[in-house]
Structures are given as structure tokens and as C-alpha cells.
Amino acid sequence: VVGGRSAGARVACRTASDVGADGVLCLAFPLHPPGKPERSRAEELRRPLAAGLPVLVVQGERDAFGGPEEVAAATASAAGVDRLRLEPVPGSHSPSPDLARVRELSRDWLADRRLSPSPPG
């Protein structure tokens, strides 16, 4: 699994297939620059979904780079959207004040058997 926060989440989405990742963990994905929704980076977020990879996005409810509703709208018609798990958390683009919740969401998603490699044969 590859992942990151903010710009690191963008890099994870762009490189996941190239490095053979089994999934992508995005903490605070920057969907667009603050106040500039026309400069969408949604294509980067759609990339691992189109490649068949599961993606977890943990997004602050008041994120100026795109809140959970914007992320949902930007990916609603994406190929593989059924593999996207979007989890709103309190806060903005900075790390959430509820870090225990972020850890729990990440841990549970990582433990999900869908991320385990297929058995041989």
C-alpha cells in the first residue's frame, strides 16, 4: 500500500500502479488549490481507481482544498468508484484533531482482506 498526506497523497495516486501497490491511502487529498475548484486534480485521484485499486480518502470536513462532498462529486462517475472509501473527519487540510479516528479508519482499512494479495494458484 502506498499513501501520503496532501501532496504525498497525489504522488501515491500517480505512482501506485507503477510500484505494484495493492491500495492507496490518502490523508487530506488536495482536490484543488484553495478557492480554485476549476483547477481540479480529480484525475489523479481517479487513476488508481481505474487501475482496479482500492483507495481510502480521509478528508477534513472543512478542507479548503476540497471537502468530502467535493471529493465525492469529483469521483462519482469515475471508473472503479466502488473501490473508493471516503471518510470525513473533523478539521481542515491540517491533520485532523481526531487523530485517534484517523488511525482507526486507516488501520481498519489496511486490515481489510480486499487489500491482501490473492492466494497463489
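Select arginine 62 to begin. Arginine 62 is exposed, because its relative accessible area is 59%. Exposed means over 50% relative accessible area, buried means under 20%, and partly exposed is in between, using a 1.4 Å probe and protein chains only. This is a predicted model, in which local features need pLDDT of at least 70, side-chain atom pairs count only at pLDDT 80 or more, and totals for chains, interfaces and linings use all residues. Residues are numbered from 1 along each chain as its sequence is written, and side-chain values use heavy atoms, with hydrogens and water left out.

**Stop 1: around arginine 62**

Arginine 62 sits in the loop between strand E3 (55–60) and helix H3 (68–75). Helices (H or I, at least four residues) and strands (E, at least two) are DSSP runs, numbered from the N terminus. Now show what arginine 62 touches: Gly91 and Ser92, not counting residues up to four places away in sequence. Contact means heavy atoms within 4.5 Å. Next, add leucine 25. Its C-alpha atom is 19 Å from that of arginine 62, and the two residues are 37 apart along the chain.

**Stop 2: glutamine 59**

Step back to glutamine 59, in strand E3. Is glutamine 59 buried or exposed? Glutamine 59 counts as buried because its relative accessibility is 0%. Display its side chain together with that of aspartate 63. A polar contact of 3.3 Å joins the two side chains. A polar contact is a pair of N or O atoms within 3.5 Å; within protein, one must be able to donate a hydrogen and the other to accept it, and residues adjacent in sequence count only if both atoms are side-chain atoms. Beyond four places in sequence, glutamine 59 touches residues including Ala28, Phe29, Val71, Glu87 and Val89.

**Stop 3: strand E4**

Select glutamate 87, in strand E4 (residues 84–89). Glutamate 87 counts as buried because its relative accessibility is 16%. Its side chain makes a polar contact of 2.9 Å with the side chain of arginine 85. Among its contacts beyond four places in sequence are Leu56, Val58, Gln59 and Arg101.

Move along to valine 89, also in strand E4. Valine 89 is buried, with a relative accessible area of 3%. Which residues does valine 89 contact, leaving aside its neighbours within four places in sequence? They are Val58, Gln59, Gly60, Glu61, Ser96, Arg101, Val102 and Leu105. Check leucine 105: C-alpha to C-alpha, leucine 105 is 9.8 Å from valine 89, with their positions 16 residues apart in sequence.

**Stop 4: two helices**

Colour helix H1 (residues 7–15) and helix H2 (residues 42–50). Their axes come within 8 Å and cross at roughly 40 degrees. Axes are lines fitted to C-alpha atoms, for helices over the stretch in contact, and angles run from 0 to 180 degrees between N-to-C directions. H1 and H2 are therefore oblique to each other. Angles under 35 degrees count as roughly parallel, over 145 as roughly antiparallel, 65 to 115 as roughly perpendicular and the rest as oblique.

Show the side chains where the helices meet. H1 contributes Arg10, Cys13 and Arg14, and H2 contributes Glu44, Leu45, Arg47 and Pro48.

**Stop 5: the rest of H2**

Keep H2 selected. Its buried residues are Ala42, Glu44, Leu45, Pro48 and Leu49. The elements covering them include H1, strand E2 (24–27), E3, H3 and E4. Finish at glycine 52, just after H2, which has a positive phi of about 90 degrees.
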